[in-house]
Amino acid sequence: MRRATGCPGESRGRAARLLATIIVSAGVLAGGAFAASAAAAAPAAGPAGWGAQCGAAALGLGQDTVQLAPVLKSDTLPGGGPITPQPLGNGTWVPVIMVHGWTSQDTNTPARTGAFSHDIDLSDVPGFSPDIPRSLIGQLQRIPGAAVFTFDYHPYSARWVDDPHLGPALGKVIDCLYRASGQKVIIVAHSMGGLIARYAATHPSATGPDRSAEISSVVTFGTPETGSVAALLAATGIDVGASVSDELAVIRLILAACGQLASSDIQTGSVCDTLPAPARAFASAAGVALRAGSPELAALKPWPSKIRLTALAGNTTFELPDPGWFSLPWDTTSVDVGDMIVTPGSALADATTTGNATCNYQLNPIRGAADQVGVWLGLTAGSQVAQQPLASFAGACFHTNLMRGIELANAAYSAVSADIASRAPGQPSGGYYRYTNKRFMFSLDIPDGYTAGSLPVDRDGESFTNSAGTATVTASGSNNTPNWTPSQDLASLVSAYQSDGDDVTLDYLNGDVIAVSGTTPSGAIFYERDIVYPAVIYALAWTYPTADKAQYDALVSHTVSSFTPGPDHGD
């Protein structure tokens with residue numbers, strides 16, 4: 001393979017059209033869609049109609065709010081263009097339901113107060129601040145076929161998941177959107193929202209004893225599957241704190257009083273409303289139930305095995321003095337406290353796939369000062385230096401910020417994109433596993449039986465070969481250091497293939513997407529598709545025997561549609 005690159009979500013339709021020309025795939029529709037053949041047509045009513053049909057008023061959900069998330073004007077594509085949601089090639093839309101966490105909200109408004117509405121502006125890499133002009137909702141709205149809905153239970157969010165306005169209400173929304181769309185729904189949830197989804201998924205509906213026939217996959221951010229240690233500490237703080245600090249005892253009493261009010265209404269009209277939301281309701285009905293080891297958590301059924309669970313977590317590590325503050329030691333010991341609310345073990349429990357954002361902080365003034373001097377002298381890598389402890393509540397690993405970090409936002413985007421791509425017309429089901437590149441944060445489906453070669457030193461990508469050694473798929477990313485435009489990249493790619501004696505029978509340019517295809521001197525087919533961004537060039541390339549072209553049509557089409565780039569590519 002020549003220097004190959006990849007493909008972001010908004011350009012998949014162009015690759016599908018090119019693929020039809022190159023490998024005689026099924027026909028496609030214009031405008032970012034996939035091949036239209038095998039899948040059944042979606043119901044006539046579109047997502048806007050489903051928003052009314054499955055809204056709170058229609059389903060009798062009280063003050064809950066269910067709506068098709070509007071596209072915010074300030075959420076833009078790379079280059080500043082507007083986001084325009086597109087269906088799959090046969091008009092199919094897949095409902096994606098966003099479920100916020102405890103004490104939060106998720107209705108998508110220009111004020112960006114929703115849990116999934118903030119710009120993606122954080123990273124677990126010290127010193128790096130992404131500039132992605134869209135939110136997680138905006139990212140998901142880019143995926144062809146994604147109809148993004150928000151389920152907002154904020155007025156009742158201090159109650160436990162079995163309250164009629166929480167788990168049972170989400171179950172009604174799932175039932176309705178499944179019937180309206182004819183598609184299994186996808187759920188993206190934060191914190192207790194994941195437990196609400198778990199309640200809904202494990203309870204019966206018209207389709208069976210649970211909702212595994214209506215839900216294909218779930219993505220969770222910091223969901224306390226086995227409970228929150230922070231909630232437990234709030235419960236026990238008075239017992240320890242009263243003997244050493246009057247302040248701790250008073251805070252605990254305020255938490256208890258606020259929690260009693262918040263159990264019935266999250267906005268109490270009292271001084272409780274001025275306390276940080278995650279803290280002031282620790283003693284509410286939900287806060288009590290969220291304590292690690294609570295009987296309410298123990299009563300929740302496990303996730304149905306047929307639902308794919310992608311669990312994402314924050315890992316916050318504190319470097320503590322060893323043996324203590326007053327000895328001022330050089331050596332330190334590390335303590336992992338998760339996202340400050342939920343530990344990794346709880347957030348990742350029972351998941352099919354997991355992902356982490358990792359942050360490191362110091363509580364040792366001697367070690368911290370020495371490391372900073374080392375950075376100034378160029379002796380210590382900036383990414384290896386622990387950050388200041390107060391930043392732990394504002395970083396990418398903190399519980400309420402997980403959806404703002406590019407690492408976990410990209411993981412969620414990949415999971416949702418792969419699920420929807422698997423439903424594209426003509427796409428084979430099953431028979432793939434997911435590969436994610438940790439350096440450039442892109443991912444794609446690799447056919448079962450294809451094994452990876454040796455990992456490049458710079459870890460920019462990987463090649464996978466079938467058991468017979470006759471076909472190879474390669475995916476990679478590279479920094480666009482020459483500042484190439486798409487036309488310059490295309491010219492370079494064509495020249496590289498021709499220099500090797502390959503017969504280039506087709507080259508293609510449309511916007512940021514380029515592609516080249518032809519045959520090698522040995523008679524194999526090669527196909528490469530690049531997407532050229534200002535900072536990064538992504539790539540996907542195949543080589544396979546001409547005699548087996550019909551066999552590889554579906555494989556190539558699937559990997560193209562499943563390719564998901566990282567969000568940090570120079571917007």
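Of the 571 residues in the chain, 54% count as buried. The model is a predicted one, and its chain holds 16 helices and 19 strands. Contacts reach a long way along the sequence: among those with a separation of 6 or more, 70% link residues that sit 24 or more positions apart. On the outside, the chain exposes about 22100 Å², and carbon and sulfur atoms supply 58% of that area.

Now to the interior. The largest nonpolar core contains 43 residues. Within this core, the residues with the most contacts are Ile97, Phe151, Trp160, Leu170, Ile187 and Met192. Both strands and helices feed into it, and the elements giving two or more residues are strands S2 (94-99), S5 (146-152), S6 (185-190) and S7 (215-221), along with helices H5 (167-181) and H6 (192-202). Another core, of 32 residues, lies apart from the largest one. Met98, Ala357, Ala409 and Val416 are among the residues of this other core.

Helix H5 is worth a look of its own, as one of the contributors to the largest core. H5 runs for 15 residues and spans 21 Å from its first C-alpha to its last, close to the 21 Å expected at 1.5 Å a residue. The helix is mostly covered, with eleven of its 15 residues buried. The buried set takes in Gly167, Ala169, Leu170 and Gly171 early on, then Val173, Ile174, Asp175, Cys176 and Leu177, and finally Ala180 and Ser181. Asp175 and Ser181 are thus on the buried list alongside residues such as Leu170 and Ile174. Right after H5 comes Gly182, which has a positive phi, near 75 degrees.

Further along the chain, some strands pair up in antiparallel fashion. Strand S13 (residues 451-452) is joined to strand S14 (residues 461-465) by two bridges, in the antiparallel sense, and here Thr451 has Thr465 as its bridge partner in S14. S14 also pairs with strand S15 (residues 472-479), again antiparallel, over five bridges. In that pairing, Glu462 is partnered by Ala475 of S15. S14 and S15 make a hairpin with six residues between the strands, and Gly469 in this hairpin takes a positive phi near 75 degrees.

A second run of antiparallel strands centers on S18. Nine of the nine residues of strand S18 (residues 524-532) are buried, so the strand is largely enclosed by the rest of the structure. Both faces are covered. One side carries Ala524, Phe526, Glu528, Asp530 and Val532, while the other carries Ile525, Tyr527, Arg529 and Ile531, and all of these are buried. Charged side chains are not left out of this: Glu528 and Asp530 on one side and Arg529 on the other are buried too.

S18 has a strand partner before it and another after it in the sequence. Strand S17 (residues 513-519) runs antiparallel to S18 and is joined to it by seven bridges, with Ile514 facing Asp530 as its bridge partner in S18. These two strands form a hairpin with four residues between them, and Gly523 in the turn has a positive phi of about 95 degrees. On the other pairing, S18 and strand S19 (residues 536-545) are antiparallel over nine bridges. Ile525 stands opposite Tyr544 in S19, and a hairpin of three residues joins S18 to S19.

Definitions and conventions:
Residues numbered from 1 in each chain as written. Predicted model: local features only at pLDDT ≥ 70, side-chain atom pairs only at ≥ 80, totals over all residues. Heavy atoms only, no water. Buried < 20%, exposed > 50% of the residue type's maximum accessible area, 1.4 Å probe, protein only. Pairing = 2+ DSSP bridges. Core = buried A, V, L, I, M, F, W, Y, C linked by side-chain atoms within 4.5 Å. Expected span 1.5 Å × (residues − 1). Contact = heavy atoms within 4.5 Å. Areas by Shrake-Rupley, 256 points an atom, 1.4 Å probe, with all protein chains shown as cover.
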